[in-house]
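Q: Please take a close look at one part of this model for me, starting with backbone geometry. I would like a single connected account that goes on from there to whatever lies around it.

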Amino acid sequence: RMFHDDELEESEKFYVGQPRVLLLIYALYNTLVARSEMVCYFVIILNHMISASMITLVLPILIFLWAMLSVPRPSKRFWMTAIVYTEVAIVIKYFFQFGFFPWNKHVDYTKDKPYHPPNIIGIEKKEGYVHYDLVQLLALFFHRSILKCHGLWDEDEKVDSSSNKEDTDDELSLTGGRRDSSASLKSVNLAASVESIHVHFPEQQTAIRRKSSSSISQLSHRSSFSSHRSKRGKYIFKNINHTTLSLYILQCKLCAVKSHCGLCCFRTLQVYVPIRQFFYNLIHPDYSAVTDVYVLMFLADTVDFIIIVFGFWAFGKHSAAADITSSLSEDQVPEAFLVMVLIQFGTMVVDRALYLKKTVMGKVIFQVILVFGIHFWMFFILPGVTERKFSQNTVAQLWYFVKCVYFGLSAYQIRCGYPTRVLGNFLTKSYNYVNLFLFQGFRLVPFLTELRAVMDWVWTDTTLSLSSWICVEDIYAHIFILKCWRESEKRYPQPRGQKKKKVVKYGMGGMIIVLLICIVWFPLLFMSLIKSVAGITNKPLDVSITITLGGYQPIFTMSAQQNQLKSLDPNEFNDFLRSYRGNTAALQFLEGYAREDITRADLEGNSNSLWTISPPSRKKMIQGLLDFDADFTVVLSWTIQRTLEEVYPYYIKAPSDSLAKPIKQLLKGMSPDCGKQSMWENITVSLVKNGSEEGAREWWVLNQLGKRQKTPQDSLELFIFSDKVSPPSLGFLAGYGIMGLYASVVLVIGKFVREFFSGISHSIMFEELPNVDRILKLCTDIFLVRETGELELEEDLYAKLIFLYRSPETMIKWTREKT
């Protein structure tokens, strides 16, 4: 060993011998120290999510557009800005907590208003107004102590002193020494120890010479300042003495006097040039650690997409109780859902285009637009749409947090640069079962494979036509699947001459058998269980009875509502079941209904409408009733009360649709020859006439003879059996019915299953390939030469691939096992 220390070894042994809980605490603390920068970011974003005000909005934007884009890490200036800004924010919030401010006198009334000015600014009076700011300040000071401990706090403020060297004449560069500027303005970036400032002056051959120890300051035709990169990528400039600085400032003031807007331009350039320099250095780095985090960005966007689909109600007005499945089943597309989905999908397409074009400048512009746009929409537009504060919208907070993860990944991608080569799908990097099933699932998503292929063809330099491109992609996907199967066969070899193990046969085969049986019987199981297990009782709200003799005006109209619709108590229900003991058909029918599914309707015997028949029709109806050969089964006289036999159905079934019908199983004895008691009840019909000064008024009165609930007044009694209905979330599927499910589910799935079991002989040539490594390498070579710009070679390799699939003999030679 090069270095040996007994005390260090003893310390290591002591550390290893500690309890595991203590070691875990040590590990968590070390992780916290190593990622203290990310802890600060998290606390700042969390504070903004909780507070959601203009005061807390500044630091998250600075994180995504300054801190995370800094190479190699955020500068001291950023952390000092964050610390000072947090301290000032705490003081401002404390100052506005006093009760003498007008808006603090009605806090309970204005605390939930999203557009109340104090709420937007963040100076409203509330409990715990400064808790998260104090945690944020604590995290910033903790990170500051970590940087100081490792000597990284002042590293970008070091100055390369060169006062003892010879005077040198170097050109001033607007780009910090990387390139000569062709603009009409030049810039000098002074060291931070003097006071970091950019001085601009018109294009003149102004001569400045440094003052040596034995001479005074003189002018020369060229400046004597140069800049270079430090080891960590920061620019360090040479010292400028105060005399030289005074000369520059004096000359700038002279130039400003010449014009009224000179001073304003000078101040503007002081802010503009450093920002421009920062982004210029970001887009044109001297060195870049190329990385590829597009997959993680895509996953973050996908999570946001899922949040929008299942929580779209949080982004719309008056839609807190909305359900996307019920809305879509009613052919209604909520506007909030549509806008959110289109925006999210559009950003994913743009991000894919930038990734394929590998343009860092476009990604920077897209990042700036997206950061400002998302923050403006989430914290200024969305609260007005939803009429509630962002801090009260949990779904929107979750969406914003995932979007912040995306912003962080995008900043890391910009800082490191795009990869020079994009080869294939990220799921095709390994050949195992996980990648195989994920890739197969990726290809099963409707239109996703086609959309990806077309986008790749549009934004990738290639000489292939769209059809040829799709052909290569399909061959590559097919070969990748075969490669995964061949690798699995190598990992789990099957010796020759041995029968398949029962684990494989009953595992794979049994699973397929169960799956096929479930698909075949799925509609029956679904329709049976959806109402018996997950069904919801659908009690009637209104029961109406209308009786008409022949084709004349109805003689009786009555409805039962609210209190007239009653449920059976347990004793009444048990007595009802005992009354059908021995009646097998009735008991079989009653098996499908519980006590809460039965409703007893009590209808008043007096008709709720006057009998307004015309005199001719009345006369004709009387003549028909007096005619014994007419179709009327009972002869009645309008002055005589007669009995209508077996015309009133005591039990009515109310199915899920609108068609109600009598229950034949309970109405036994449907024909006189049956010999059993008939449950079709008899009713009495009488016409009541009331004379008054206005004239005679007539209405019909009906009374049921065999009522279970004995009442003295004339009335009708009706039992309604209500079928359970499917839950609203599954109503769109249950609405198809059994035959609809068979046609839409079983037959469609059966078509795909049949394709798997038939037509295999036509694909033997392309499926049974022992070794696909050479074909796979040919496909990756096509991707590689395309990325390197060798388009002629791309055409040659594509022609070779097509010839290989056209020639069976060549395919056999290419796919033989290597010897």
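**From an unusual loop to the space inside**

A: P72 sits in the loop that links helix 4 (54-67) to helix 5 (76-95). Happy to walk you through it, and please keep in mind that this is a predicted model. The peptide bond leading from V71 into P72 is cis, with omega near -5°. As background, most peptide bonds are trans, and most residues other than glycine have a negative phi.

That second tendency has exceptions here too. One loop earlier on this tour, between helix 3 and helix 4, we find A52. A52 is not a glycine, yet its phi is positive, at about 55°. With a relative accessibility of 16%, below the 20% cut-off, A52 counts as buried. A second example is K358, whose phi is also positive, about 60°, although K358 is not a glycine either. K358 belongs to the loop between helix 13 (335-357) and helix 14. Its setting reads otherwise: at 25% relative accessibility, K358 counts as partly exposed.

A52 is a good place to turn inward. The model holds 6 cavities of 30 Å³ or more, and the largest of them encloses about 150 Å³ of space. Its lining is made up of 15 residues, and A52 is among those nearest the centre, together with P114, N119, I120 and F379. Sorted by class, that lining contains 8 nonpolar, 5 polar and 2 charged residues.

Which helices contribute to this wall? At least two lining residues come from each of helix 3 (36-51), helix 7 (117-121) and helix 14 (360-386). Helix 14 gives the largest share, with 3 residues. The domain picture follows: domain 1 (14-150) and domain 2 (287-422) both provide lining residues, so the largest cavity lies between them.

The packing involves both of these domains as well. The largest nonpolar core has 67 residues, and the members that touch the most others are F64, W79, F315, M378, W399 and Y400. Helix 15 (residues 394-416) supplies the largest share of this core, 11 residues. Domain 1 and domain 2 each contribute at least three residues to the core.

To round off the tour, here is a look at a sheet. Five strands make an open sheet in the order 7-8-14-10-11, with mixed pairing. Strand 7 (565-567) and strand 11 (661-662) are at the edges with a single partner strand each, so one side of each has no neighbour in the sheet. Strand 7 pairs with strand 8 (residues 598-604) in the antiparallel sense over 3 bridges, and K566 has R600 of strand 8 as its bridge partner. Strand 10 (residues 651-654) and strand 14 (residues 715-722) run parallel and are joined by 4 bridges. Strand 10 also pairs with strand 11, this time antiparallel and through 2 bridges. K653 ties these pairings together: its bridge partner in strand 14 is F721, and in strand 11 K653 stands opposite K661.

Key:
Residues numbered from 1 in each chain as written. Predicted model: local features only at pLDDT ≥ 70, side-chain atom pairs only at ≥ 80, totals over all residues. Heavy atoms only, no water. 1 Å grid on protein atoms, 1.4 Å probe; cavity = no way out; pocket = protein on both sides within 12 Å on 5 of 7 lines; lining within 4 Å. Points joined across faces, edges and corners; volume = space filled by probe spheres on them. Nonpolar A, V, L, I, M, F, W, Y, C, P; charged D, E, K, R; others polar. Domains from an automatic or database assignment. Pairing = 2+ DSSP bridges. Core = buried A, V, L, I, M, F, W, Y, C linked by side-chain atoms within 4.5 Å. Buried < 20%, exposed > 50% of the residue type's maximum accessible area, 1.4 Å probe, protein only.
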